[in-house]
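Here is a short tour of how the chains of this assembly meet, with a brief stop at one sheet. Keep the viewer open as you read.

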Amino acid sequence: GGPGVGGATPARDPPPAPTPGRVQIEFRALAEQLGAEVVNPPGGELDITGLSALKDAGPGDLSFFHDHRYLDDLRATGAAAVLVPRDFAGDGVGRLPLLKVDSPSLAFDEVTRDFLAAEVPRVEPGVAPGAVVSDDADFDPAAVSIGANAVVGAGARIGDGSVIGPGVSIGAGVGIGEGCKVYPNVVLYDRTRLGDRVILQAGTVLGSDGFGFEFDGKAHRKIEHFGYVQVDDDVEIGANCTVDRGRFGRTRIGAGTKIDNLVQIGHNVTLGRHCIIVADTAIAGSTRVGDHVTMAAQVGLAGHLEIGPHCIFAARSGVTKSVPGGAPGSPAFYSGFPAAPASESRKLMVYPRRIPEILKRLKAVEERLEER
Amino acid sequence: GGPGVGGATPARDPPPAPTPGRVQIEFRALAEQLGAEVVNPPGGELDITGLSALKDAGPGDLSFFHDHRYLDDLRATGAAAVLVPRDFAGDGVGRLPLLKVDSPSLAFDEVTRDFLAAEVPRVEPGVAPGAVVSDDADFDPAAVSIGANAVVGAGARIGDGSVIGPGVSIGAGVGIGEGCKVYPNVVLYDRTRLGDRVILQAGTVLGSDGFGFEFDGKAHRKIEHFGYVQVDDDVEIGANCTVDRGRFGRTRIGAGTKIDNLVQIGHNVTLGRHCIIVADTAIAGSTRVGDHVTMAAQVGLAGHLEIGPHCIFAARSGVTKSVPGGAPGSPAFYSGFPAAPASESRKLMVYPRRIPEILKRLKAVEERLEER
Amino acid sequence: GGPGVGGATPARDPPPAPTPGRVQIEFRALAEQLGAEVVNPPGGELDITGLSALKDAGPGDLSFFHDHRYLDDLRATGAAAVLVPRDFAGDGVGRLPLLKVDSPSLAFDEVTRDFLAAEVPRVEPGVAPGAVVSDDADFDPAAVSIGANAVVGAGARIGDGSVIGPGVSIGAGVGIGEGCKVYPNVVLYDRTRLGDRVILQAGTVLGSDGFGFEFDGKAHRKIEHFGYVQVDDDVEIGANCTVDRGRFGRTRIGAGTKIDNLVQIGHNVTLGRHCIIVADTAIAGSTRVGDHVTMAAQVGLAGHLEIGPHCIFAARSGVTKSVPGGAPGSPAFYSGFPAAPASESRKLMVYPRRIPEILKRLKAVEERLEER
């Protein structure tokens, strides 16, 4: 370790913020690429050489503004140019060049991908040192990357373009689709199945035994779980999550569903398509969740429930009964513990605040009765 | 990866549900083995060739029924035969062959084990490629299996019949009993001790330092933790759990206790025997829990508590004080936050629902007083 | 596995509690080293040979007493000598030798470190078997220890005195300071930065992609996250935690902050210095937390909040709005969900208990009105 290794420490200069690279895009070319309306065009050429938040942006940086909470940051930003919504009035930004687009966040993401494509080294296909690959695993080493010290079990199949990180453990009979990213130290138990373009962040475990025991009067006897976990196309699962295998049959995560970190999915759960499950949520065994359901953070669902499509559960909802869904554009909102329609839960939360007033009025009534 | 690798995706045919195998058992032999009473005996020979849930079962599949919520599934099942409770009346199942047994779930599990024994390849003993084993580790390579890229530290001892998964990290001086299953990427810190037949699902960490600091006026000074974690016989711990080592002495999980995924056990906790700890529960340091205690999901216990035996804590209970236990067959129920006997907690939860009625009655009283 | 391997099981003798070693310190030398006032000095020489809790202590063991809840344990202890606070009256301990010190816990910790230094084998520097180290990784193999089967990516830099555990995955461009301890199977995504003396317990993941998606009307589109995680000097993070990288810029954990197990930190969060974050807490994206903030267990913070310095959040607080801080020695207390100043939350929790009384008084009033 030479000097500067510990450069992350606050007592010294902070390290240069890593940016995607030394690529550059000229402002006018960028406006054209994004179909943006330009406000405050720069006098001459303006090269965009970095990407940053409003607060941290410096010369050459492109940033974006999409939430009025950050208006002060916009007005004070050192960015070279900022992506803003089409309906942004533009007050108080002086001569700051603006690019008006439909979605500043998605436009920024598009530019990000251009920068990353030019800068981030592509993962090389092949089998890295230390990886232990079963003789009968089935993949094309010219099209798949197996990370250092990963383990690939008997009969596993991996589709083209998939990247398996270091230390990943892939069990026997696992099937992985095309274009998947499996980050380091993920564990896939035997016979787990991933669709295409699935992303698994580090440390996540798919296929652990369901939590099933029967008390025989003396001890809890383990119920064998021989099902599997199926993860459909375009699913992303965060870091250090756990998804149990079914007792038989499968635990299934529907296509396009996105799951945050430290989420627990019980055995034989079925999650619909395009759901959003935020951090620290736990779903107990055999519950079935419809499509387009959102669960904010720290939600809990009991087992054996039926959750309709297009539901939104507020953070910390504790769902103890099956609930009907909503419709596209008109979701059903639930909150509280036990969870109820959000309008009811809100009332229940507010009622107790009226008790001091009730006690005061009650005392006044009692005193008037005494007086007579 | 050839065609079909991505077969898990919904746009294509689902993959054949993996079943335990191509073994088969004749119906009458099965009835005899299980001591079952037969209803609707099949006309001729009937070979059971698979195991499935009522909903998914097809020809040749055995299924089971043990909960009246699934009566519709039973009546519509395509199973070849179904295990049912002895007292099941059998209405509406037509000519479906039934096997009446004491516990359909346990009987199904027994058949499962027969199928699995015949089908699932046994793990071969020996040390797999890439495993790094200390010279003075003590185990019989003809009786123990060490997975690929696992690490076994100095002085570790592993009992016969134990299976250590790929990527597992076993610290110095660890003791593992006989017949244990340690799934991939588990971490056992130095001197962790496992009894016999312990099961640790993937990614679980035993022996991390307890969370102990003392603020010296400027900074939080780390208190050294040099204790260890002891896990007794027949314990199962789920995936991605954490159990901290004691500051000194041990953190102990009692025999037969079963722990679900993502559970946190603090330093110097003692868990009794035959407890059930469901997902996302956290138990703070030095708390002592009696035998036969059940904690439903997302429970929290403060530190330094004494929890009596035969308690049941409802989901999301937040336990802030020591509580007395119950007796076999007559457990003490607690719920709520702060946790109280469940009857009290229920009342406290229901009271606020009476506030609208109270306000109405109060208004009526006030108006009558005004009228006079 | 020879006899005794399964010795951890309760049916047999418990294993000898592992102690830091066979070192010994004479009582009077110890008193001098600690600047302790001696009560009940032993008659002759007294060698301290072990360290233990009051309850478990035996001949030769030093223990400590710092909390009156453990007075019974002190009076019954089998310890050879006990560290006590300077103001301890000493009743009821008979002839037990006592060492009065400012902080019994810190004094005990000091002795612990002496014992451990003499006993625990030092980790040898160098690269262990099976580790896969990039050619251009930058560290001094005579001053750094890389564990078995660890992976060190391109351009990673590691400071002197740091110990990287087995199975750790270090991404490209990661910077690690001096004197860090990274326990087994930790994952550091590309460009993660650790200051000096950082401790990461096993299974923790730093740098996973933030949970950011935009719904395009049909599906949730992933927002690229290319920021990084910066962990400043003297931070400790527990086991199986997750810290997401920033969308751009960094997620930052301030110097001296200590984080327990299974904690989730969202993308672009900034945690101040010297914070204490207890187990199972989750902090959503872009929230900024001041210095010296304490979060007890199972706390949740919404995203985009500003939390002032010197706040204390009670266990299970659910923080939905920005809150002002306190001052050194006079922290701001919050509790409840939604979190409010603790005095308010306490009232709101107590109010419903008055409803039975309210109903009784209301009934009495109604009856008196009827009577007339």
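Which residue in β5(A) does Gly50(A) stand opposite? Gly50(A) faces Asp61(A) in that strand. Please keep in mind that this is a predicted model.

**The sheet around this pair**

Let us widen the view from those two residues. β4(A) and strand β5 (residues 61-64) of chain A run parallel and are joined by two bridges. Both strands belong to an open sheet of five strands in chain A, whose order is β2-β7-β6-β5-β4, with mixed pairing. At the edges stand β2 (37-39) and β4 (50-51) of chain A, each with a single partner strand, so one side of each has no neighbour in the sheet.

**The two contacts of chain A**

Now to the chains themselves. The size of an interface is often given as the accessible area lost when the parts come together. The table puts that value beside the other totals for the two contacts that involve chain A.

| Contact | Residues in contact | Buried area | Salt bridges | Polar contacts |
|---|---|---|---|---|
| Chain B with chain A | 75 residues from chain B, 84 residues from chain A | about 6,200 Å² | four salt bridges | 28 residue pairs |
| Chain C with chain A | 84 residues from chain C, 74 residues from chain A | about 6,200 Å² | four salt bridges | 28 residue pairs |

Carbon and sulfur atoms give 60% of the area buried between chain B and chain A. For chain C and chain A, the share from carbon and sulfur atoms is 60%.

**Chain B against chain A**

If you would like a specific pair to look at, try Arg368(A) and Glu370(B), whose side chains meet in a salt bridge at 2.9 Å, N to O. On the side of chain B that touches chain A, the elements giving two or more residues are α3 (104-119), β27 (258-259), β30 (276-277) and α5 (355-371) of chain B. Of these, α5(B) gives the most, with 10 residues. Sorted by class, that side of chain B holds 41 nonpolar, 19 polar and 15 charged residues.

How are the two chains related in space? Chain B superposes on chain A with an RMSD of 0.1 Å after a rotation of 120° and 0.0 Å of shift along its axis. That is the relation of a three-fold axis. The copies meet through different surfaces, because only 20% of the interface residues of chain B are also interface residues in chain A.

**Chain C against chain A**

Here a pair to find is Arg113(A) and Glu224(C), which form a salt bridge with their closest N and O atoms 3.1 Å apart. Helix α5 (residues 355-371) of chain C gives the most to the side of chain C that touches chain A, namely eight residues. The residues on that side of chain C divide into 35 nonpolar, 21 polar and 28 charged.

A turn of 120° with a shift of 0.0 Å along the axis lays chain C on chain A, with an RMSD of 0.1 Å. In this pair 17% of the contact residues of chain C recur in chain A, and the copies use different surfaces.

Notes: Residues numbered from 1 in each chain as written. Chains lettered and ligands numbered in written order. Predicted model: local features only at pLDDT ≥ 70, side-chain atom pairs only at ≥ 80, totals over all residues. Heavy atoms only, no water. Contact = heavy atoms within 4.5 Å. Buried area = accessible area lost by both parts, 1.4 Å probe. Polar contact = N/O pair within 3.5 Å; in protein donor to acceptor, adjacent residues only side chain to side chain. Helix = DSSP H or I, 4+ residues; strand = E, 2+ residues; numbered from the N terminus. Nonpolar A, V, L, I, M, F, W, Y, C, P; charged D, E, K, R; others polar. Least-squares fit on C-alpha atoms with pLDDT ≥ 70 in both. Pairing = 2+ DSSP bridges.
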